[in-house]
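Student: I should like to learn how to read the features of a protein model, beginning with strands and ending with the core. May we go through them in order?

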Amino acid sequence: MKFDRRSLIKGALAISATFALPKMLFAARPDKAFQSTDAAGAIAELFGDTATASDQVTMKIPDIAENGAVVPVTVSTDIENVESISLLVVNNPTPLASTVNFGPRSLPNVSVRIKMGQSSPVIAIVKADGKLYSTEKEVKVTIGGCGG
Amino acid sequence: MGKPIKIRAKVKGDVAEVKALLPHDMESGLRRDPETDELVPAHYITEVVAEHKGEVVLTAYWSTAVSKNPYVAFSFTGAAPGDMIKVSWTDNSGDTSETEAAMK
C-alpha cells in the first residue's frame, strides 16, 4: 500500500467518520433536562427550542388512568426522518419521563409505561429534521383505584 | 448484574417488531419504607440500548417516571427472521444487564 497524500487524507476521514457516528447515536443522557422541575424548562434544556403542535403526532394514552403507577403510552408519527420521541408528564416532580433516540433504520413509534403522580397533561414531542412537533393530552389519574 | 431482559421480536416482511420487558424495581426516590418511614433511595434504569447487526436501532433515556419492570416496544426495518436482537440497560447505580434473542 502506498502512503501518498490522497490515501492518507481518505484514511483520516474514514477514521474520524467511524468515531463520529457512534458519538451521534450515543449522545449522552440529557441529565439537566431530566432534573428540570417544570415541563417548559425540560423542553428548553433538551432541545433549546419550543415545539409546534402537530396532528401528525399520534399519542395513545388512556383518558382516565385507574393506576397512576402504570400508564401505557404509545407515540407514533408519519413524519419522516424522525430523530427522537420524548414524553413529559407536566405535573410530575420532574416532568421528563423518557426520551428515545432512533437509528437510521428505526420506524418512528415507541411504547412505554409511565408513572403519573396525579392528573396531568402529557406531552409527546417528535424531533425530525431538527424541528419539533408535539401533541398533548390530559390524563385523569384515579387515586385509590376506586373509579371515582 | 441485573436480571435478564425478556425479549419477544417478530419479523413481518423486513420490519422487526420488538417488545422487551426489563425486570427492575424503578424506585422513584419519593417512596417511604412503610416500616422505617425512611425514603427509599432512587434506583432506576437510565439508559436502554437496542442493537441489530452491530447497529444501534434505539437508545432510550429514562427517568424514575418509567413504571416498575419497564416495558418498551419499538420497530425497525432491514431485519430477517432468525436475526439476533440485543437489548441492554444501565441503571443509576451502574448496574447493567444485557440479553440477546433471535427474532421470529
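The dialogue below takes up confidence, strands, the contact between chains, and the core.

Student: What kind of model is this, and how are its parts numbered?

Tutor: This is a predicted model, in which local features need pLDDT of at least 70 and side-chain atom pairs count only at pLDDT 80 or more, while totals for chains, interfaces and linings use all residues. Residues are numbered from 1 along each chain as its sequence is written, and chains are lettered from A and ligands numbered from 1 in the order in which they are written.

Student: What is the mean pLDDT of chain B?

Tutor: pLDDT is the predictor's confidence in each residue, from 0 to 100. For chain B the mean is 95, and 100% of the residues reach 70 or more. The model as a whole has an ipTM of 0.93 and a pTM of 0.85.

Student: How many helices and strands does chain B have?

Tutor: Helices (H or I, at least four residues) and strands (E, at least two) are DSSP runs, numbered from the N terminus. Chain B has 0 helices and 7 strands. Its C-alpha atoms fill a box of roughly 55 × 20 × 20 Å along the principal axes.

Student: How does one read strand pairing, and which strands pair with β4(B)?

Tutor: Two strands pair if DSSP finds at least two bridges between them. Within chain B, strand β3 (residues 45-52) pairs with β4(B) in the antiparallel sense over 6 bridges, and Glu51(B) has Val56(B) as its bridge partner. The hairpin of these two strands has 2 residues between them, and Lys53(B) takes a positive phi near 50° there. From the other chain, strand β6 (residues 96-102) of chain A is joined to β4(B) by 5 bridges, again antiparallel; here Phe102(A) is partnered by Leu58(B).

Student: Is β4(B) largely enclosed or open, and why?

Tutor: A residue is buried if 20 or more other C-beta atoms lie within 10 Å of its own, exposed if 12 or fewer, and partly exposed in between, with C-beta atoms placed from the backbone. Strand β4 (residues 55-62) of chain B is largely enclosed by the rest of the structure because 7 of its 8 residues are buried. For chain B overall, buried residues make up 36% of the 104 residues.

Student: How many residues of each chain are in contact with the other chain?

Tutor: Two residues are in contact if their C-beta atoms, placed from the backbone, lie within 7 Å. By that criterion, 26 residues of chain B contact 29 residues of chain A. On the chain B side, β3, β4 and β5 (71-76) each supply at least two residues, and β4(B) gives the most, with 8 residues. That side of chain B divides into 16 nonpolar, 8 polar and 2 charged residues (Ala, Val, Leu, Ile, Met, Phe, Trp, Tyr, Cys and Pro count as nonpolar, Asp, Glu, Lys and Arg as charged, and the others, Gly among them, as polar).

Student: Which strands form the sheet that contains β5(B), and in what order?

Tutor: An open sheet of 6 strands runs in the order β2(A)-β4(A)-β7(A)-β5(B)-β2(B)-β1(B), with antiparallel pairing. Its edge strands, each pairing on one side only, are β2 (57-60) of chain A and β1 (6-12) of chain B. On one side of β5(B), strand β7 (residues 106-114) of chain A is joined to it by 4 antiparallel bridges, with Val112(A) opposite Val72(B). Strand β2 (residues 15-21) of chain B is likewise antiparallel to β5(B), over 6 bridges, and Val18(B) stands opposite Phe74(B).

Student: Which strands pair with β9(A)?

Tutor: Strand β1 (residues 52-53) of chain A pairs with strand β9 (residues 131-141) of chain A in the parallel sense over 2 bridges, and Ala53(A) has Ser134(A) as its bridge partner. Strand β3 (residues 64-65) of chain A is also parallel to β9(A), through 2 bridges. Strand β8 (residues 120-128) of chain A, by contrast, is antiparallel to β9(A) over 9 bridges. β8(A) and β9(A) form a hairpin with 2 residues between them, where Asp129(A) has a positive phi of about 50°.

Student: Which residues touch the most other members of the largest nonpolar core?

Tutor: In soluble globular proteins, nonpolar side chains tend to be buried together. A nonpolar core is a set of buried Ala, Val, Leu, Ile, Met, Phe, Trp, Tyr and Cys residues joined through C-beta atoms within 7 Å. The largest one here has 61 residues, and those touching the most other members are Leu87(A), Leu88(A), Ala97(A), Ile114(A), Ala124(A), Val126(A) and Val18(B). Beyond its neighbours within four places in sequence, Val18(B) is in contact with residues including Ile7(B), Ala50(B), Phe74(B) and Ile85(B).
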